[in-house]
Amino acid sequence: MAESESGQDKTEDPTDKRRRDAREKGEIARSKDLNTVIVMVVGAAGLLAFGGSMAEMMMHLMRDNFTITREALMEERSMSLMLMVSGKAALASVTPLLVSLMIASLIGPISLGGWLFAPDSLSPKFSRLNPLAGLKRMVSPQALIELLKSFGKFLIVLTVAVVVLSKDKKDLLAIAHEPMEMAVVHSLQLVGWSTLWMAMGLLIIAAIDVPVQLYQARQKLLMTKQEVRDEHKDNEGRPEVKGRIRQLQREMSQRRMMAAVPEADVIITNPTHYAVALKYDADKGGAPVLLAKGTDFMALKIREIAAQHQILLLESPGLARSIYYSTELEQEIPAGLYLAVAQVLAYVYQIRQFQAGRGKRPDPLNDNLPIPPDLRRDS
């Protein structure tokens with residue numbers, strides 16, 4: 001069972017975030033043996049497929065370059081021209097094999113772990129320059145595993161090579177008695193088949209190495225219970241940070257709310273425990289909007305600001321509680337309170353007319369306003 005640096009057992013499966021972070025750092029399962037096998041198999045297959053044409057082209061180039069006429073030797077530009085032509089022909093003959101090897105070198109790494117470009121893995125790590133750390137890596141269990149793998153690969157390649165050479169002994173000896181053209185083609189075929197069989201031998205090592213790399217990569221990603229809890233806190237937000245954010249949001253909301261109180265048409269109170277500020281814009285139509293609301297200390301601050309700006313304070317405990325619990329800030333009041341609030345606004349209009357000297361003083365507003373039972377909140 002894997003252990004963390006703190007000594008705790010890593011028993012928890014890695015989270016999605018842990019996997020993403022590891023991938024961004026380039027810490028994924030990779031198998032060098034699998035890459036080697038793929039490149040060798042493709043190279044051997046390429047020699048078998050294109051070896052004949054490559055041999056013919058090379059022999060043709062040798063004949064042309066070793067049978068130079070006297071006139072060509074005396075021409076200053078003939079050598080450079082012949083070199084250019086020969087180079088293009090040689091490159092054209094080996095291009096299929098080179099392209100196959102290039103594709104294999106790309107397929108090998110992405111066959112296990114997928115395509116990945118991790119800039120973090122390219123950044124220099126000065127900790128690797130520490131001789132003590134390097135010595136520790138040399139005597140680590142991982143170094144012992146790599147040594148055993150290398151020795152196993154050596155034995156497998158040696159065994160396959162001996163078997164293949166023993167099997168092809170007659171063909172190897174027969175090459176010496178074959179014509180040049182046939183001997184070259186035959187040699188490339190033997191090299192191709194020998195390489196292919198040795199790659200098949202390394203396939204055993206790759207079949208063992210791939211599961212080992214996958215297992216080791218997963219072990220590195222395992223997490224302790226504490227790491228899972230810490231990551232969950234980081235993702236969801238630590239309680240103290242979230243609490244502070246909520247506090248700041250409340251303070252900002254309260255400041256905006258208090259700044260809107262001077263725009264209200266009327267403040268309806270409980271009279272001391274609740275206070276709500278309403279505004280009605282006849283030009284826009286719609287229903288009255290709740291600009292501010294509060295209880296106790298906040299209600300006191302709303303009344304103080306209203307008094308400073310000479311906004312009418314109206315005591316209606318039932319309506320104040322109903323608006324407070326049924327309406328959010330900057331939202332219209334519910335339809336069930338239209339009639340009650342309309343009576344309040346009409347009373348406010350009559351008070352303003354009286355204060356302007358254009359009407360008589362209205363009778364005090366009765367608290368028995370028409371409030372639906374579902375919107376009524378008892379004290």
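Begin the tour by selecting G52, which is partly exposed, with a relative accessible area of 28%. The model on display is a predicted one. G52 belongs to helix α2. Add E181 to the selection: 129 residues separate G52 and E181 in sequence, yet their C-alpha atoms lie 9.8 Å apart in space.

**The whole chain**

Zoom out before going further. The secondary structure of the chain consists of 14 helices and 4 strands. Of its 379 residues, 31% count as buried. Colouring by solvent accessibility gives a view of the surface: the chain exposes about 25100 Å², and carbon and sulfur atoms supply 61% of that area. If a contact map is available, consider contacts between residues at least 6 apart in sequence; 74% of these join residues at least 24 apart.

**Helices α2 and α9**

Select residues 32-66, helix α2, together with residues 180-221, helix α9. Two packed helices are described by the angle between their axes and the distance between the axes. The axes of α2 and α9 come within 7 Å and cross at roughly 175°. Angles over 145 degrees count as roughly antiparallel, and α2 is therefore roughly antiparallel to α9. What is the make-up of the residues in the contact of α2 with α9? They divide into 24 nonpolar, 5 polar and 5 charged.

**Helices α2 and α4**

Keep α2 displayed and add residues 78-110, which form helix α4. Here the axes are 8 Å apart and the packing angle is about 175°. That angle makes α2 roughly antiparallel to α4 as well. The residues of this contact comprise 18 nonpolar, 9 polar and 1 charged.

**Helices α7 and α9**

Return to α9 and select residues 141-167, helix α7. The two helices pack at an angle of about 160°, with axes 8 Å apart. As a result of that angle, α7 is roughly antiparallel to α9. The crossing in which α7 passes α9 is right-handed.

Show the side chains of the contact next. On the α7 side, the residues to display are Q142, I145, E146, K149, G152, K153, I156, V157, V160, A161 and V164. From α9, the contact is made by S194, W197, M198, G201, L202, I204, I205, D209, Q213 and Q216. Colouring the residues of this contact by class gives 11 nonpolar, 6 polar and 4 charged.

**H186 in helix α9**

Stay with α9 and select H186, which lies in this helix. Is H186 buried or exposed? Its relative accessibility is 17%, so H186 counts as buried. Residues under 20% relative accessible area fall in that class. Not counting residues up to four places away in sequence, H186 touches D171, I175 and E178.

**R256 in helix α11**

Move to residues 239-260, helix α11, and select R256 within it. R256 has a relative accessible area of 51% and is therefore exposed. Measure from its C-alpha atom to that of L291: the separation is 9.4 Å, with the two residues 35 places apart along the chain.

**From Q310 into strand β4**

Select Q310, in the loop between α12 (297-308) and β4. Most residues other than glycine have a negative phi. Q310, although not a glycine, has a positive phi of about 55°. Q310 is also exposed, with a relative accessible area of 76%.

Continue to L312, in strand β4, residues 312-315. At 24% relative accessibility, L312 counts as partly exposed. Which residues does L312 contact, leaving aside its neighbours within four places in sequence? They are V266, I267, V348 and I351. Now select R352, which is 40 residues from L312 along the chain; their C-alpha atoms are separated by 9.2 Å.

**E330, the final stop**

End at E330, in the loop between α13 (317-326) and α14 (338-355). What is the sign of phi at E330? The angle is positive, about 65°, although E330 is not a glycine. With a relative accessible area of 61%, E330 is exposed.

Notes. Residues numbered from 1 in each chain as written. Predicted model: local features only at pLDDT ≥ 70, side-chain atom pairs only at ≥ 80, totals over all residues. Heavy atoms only, no water. Axes fitted to C-alpha atoms, helices over the stretch in contact; angles between N-to-C directions. Parallel < 35°, antiparallel > 145°, perpendicular 65-115°, else oblique. Nonpolar A, V, L, I, M, F, W, Y, C, P; charged D, E, K, R; others polar. Left-handed = near helix turned anticlockwise from the far one by under 90°. Contact = heavy atoms within 4.5 Å. Buried < 20%, exposed > 50% of the residue type's maximum accessible area, 1.4 Å probe, protein only. Areas by Shrake-Rupley, 256 points an atom, 1.4 Å probe, with all protein chains shown as cover.
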